[in-house]
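Visitor: Before we look at any detail, I would like to hear the reasoning behind each label as well as the label itself. Could you take me through it step by step?

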Amino acid sequence: ADEVLALHGATMGTTYNIKIAGWPADSPPEPLQEAIDRRLEAINQVMSTYRPESELSRFNANISTDWIPVSQELAQLVDEARMISDLSGGAFDITVGPVVNLWGFGPDERPPEPPDERAIEAARARVDYRKLEVLTTPPSLRKSRPDIYLDLSAIAKGYGVDEVARLLERAGIQRYLVEIGGEVRGKGLKAEATPWRVAVERPDPAVREPYRVVTLRDAAMATSGDYRNFYVKDGHRYSHTIDPSTGRPVTHTLGSVSVLDPECAHADGLATALLVLGPERGFELAESNKIAALFISHQGDRYTQQATTAFDAVDRESGGN
């Protein structure tokens, strides 16, 4: 009988969970899982800022301001990131790393005190996605400032999800759900009349419970939230979501943003951009660009949700509630 095969593993500092519907019971899953692990390992070797020998880390360490040949994969993802930066007026910015590290949310250790004005200004001088140029043919990158530092972590998990989905499809698999660190992409039906359903979590650091269930029909969903990664110092809560325009953690009431899109990398980057922009500017941008997005905000100890027209339309179409 056909069944749902579940595969689990570790990647990108988090975990992956893959479900494949209609898997033949007599077919061993090991070769497929090995292929998935190899693909994710290759992506990490390109994009990890935690690996000094990754392609991205080598580019970051290179102080040349000339064009530097890079892999097609890196150039394309940087190009995708740049489009999201342009769309969001720089709210999404893969050069924001120096400020993120300064506040203690990067590979470096957390500082005993929040950074002072001078340190913030010095780090901010290095942040601007326009100081980075990209060519996709031949694939190459150029920084106009030698100390520009790229961090793709706000889009890499989504990209990993897309790549695993593509690998499954090349293997002839048409009914699957792929999840890496909370970013998901689903295709086909789980069972005869049952679509894949995923939960948007309540943005509450104290509990893990679903806030709204979304049906995924040949779509991806990514969520950015400030509720898992933050610290409190002297009564102030510092979110890991840094606004590139101020060099400081965001202070608005938005707890999380979930975006539906055919491509998970795109959804991942957009969710980050909208979270930085906040409940008003983010919602306006999403609505006017027909982005399917769900905004969940804190109001005291309650939560309110606001979905764009496109999000409600997708959710209705796929029989969500």
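Visitor: How much space lies in the second largest pocket?

Guide: This is a predicted model, and in it the second largest pocket holds about 250 Å³ of space. Its lining is made up of 16 residues, and those closest to the pocket centre are G89, G90, A91, P244 and S245. Helix α7 contributes the largest share of that lining, with three residues, while by class the lining has six nonpolar, six charged and four polar residues.

Visitor: What makes Y211 and Y303 an edge-to-face pair?

Guide: Two rings pair if their centres lie within 6.5 Å, and planes over 60 degrees apart count as edge-to-face. The ring centres of Y211 and Y303 are 6.4 Å apart and their planes stand at 75°, so both conditions are met and the pair is edge-to-face. The pair links distant parts of the chain, since Y211 belongs to strand β10 and Y303 to strand β18, 92 residues apart.

Visitor: Why is Y211 called partly exposed, and why is Y303 called buried?

Guide: Buried means under 20% relative accessible area, and partly exposed covers the range from there up to 50%. Y211 has 25% relative accessibility and therefore counts as partly exposed, whereas Y303, at 17%, is buried.

Visitor: How do you know that F283 and F295 are edge-to-face?

Guide: The centres of these two rings are 5.5 Å apart and their planes stand at 65°, so the pair is edge-to-face. F283 lies in helix α7 (residues 264–288) and F295 in strand β17 (residues 292–299), twelve residues apart, and both F283 and F295 are buried.

Visitor: What places K143 over the face of F59?

Guide: For a lysine, NZ has to be within 6 Å of the ring centre and within 35 degrees of the ring normal. K143 is at 4.7 Å from the centre of the F59 ring and lies over its face.

Visitor: Which residue of β4 stands opposite K143, and why do β3 and β4 count as edges of their sheet?

Guide: L132 stands opposite K143, which is in β5, and five bridges join β4 to β5 (residues 139–143) in an antiparallel pairing. The open sheet has three strands in the order β3-β5-β4. β3 (68–69) and β4 (132–136) each have a single partner strand, so one side of each is left without a neighbour in the sheet, and they stand at its edges.

Methods:
Residues numbered from 1 in each chain as written. Predicted model: local features only at pLDDT ≥ 70, side-chain atom pairs only at ≥ 80, totals over all residues. Heavy atoms only, no water. Phe/Tyr/Trp six-rings, centres within 6.5 Å; stacked < 30°, edge-to-face > 60°. Helix = DSSP H or I, 4+ residues; strand = E, 2+ residues; numbered from the N terminus. Buried < 20%, exposed > 50% of the residue type's maximum accessible area, 1.4 Å probe, protein only. 1 Å grid on protein atoms, 1.4 Å probe; cavity = no way out; pocket = protein on both sides within 12 Å on 5 of 7 lines; lining within 4 Å. Points joined across faces, edges and corners; volume = space filled by probe spheres on them. Nonpolar A, V, L, I, M, F, W, Y, C, P; charged D, E, K, R; others polar. Pairing = 2+ DSSP bridges.
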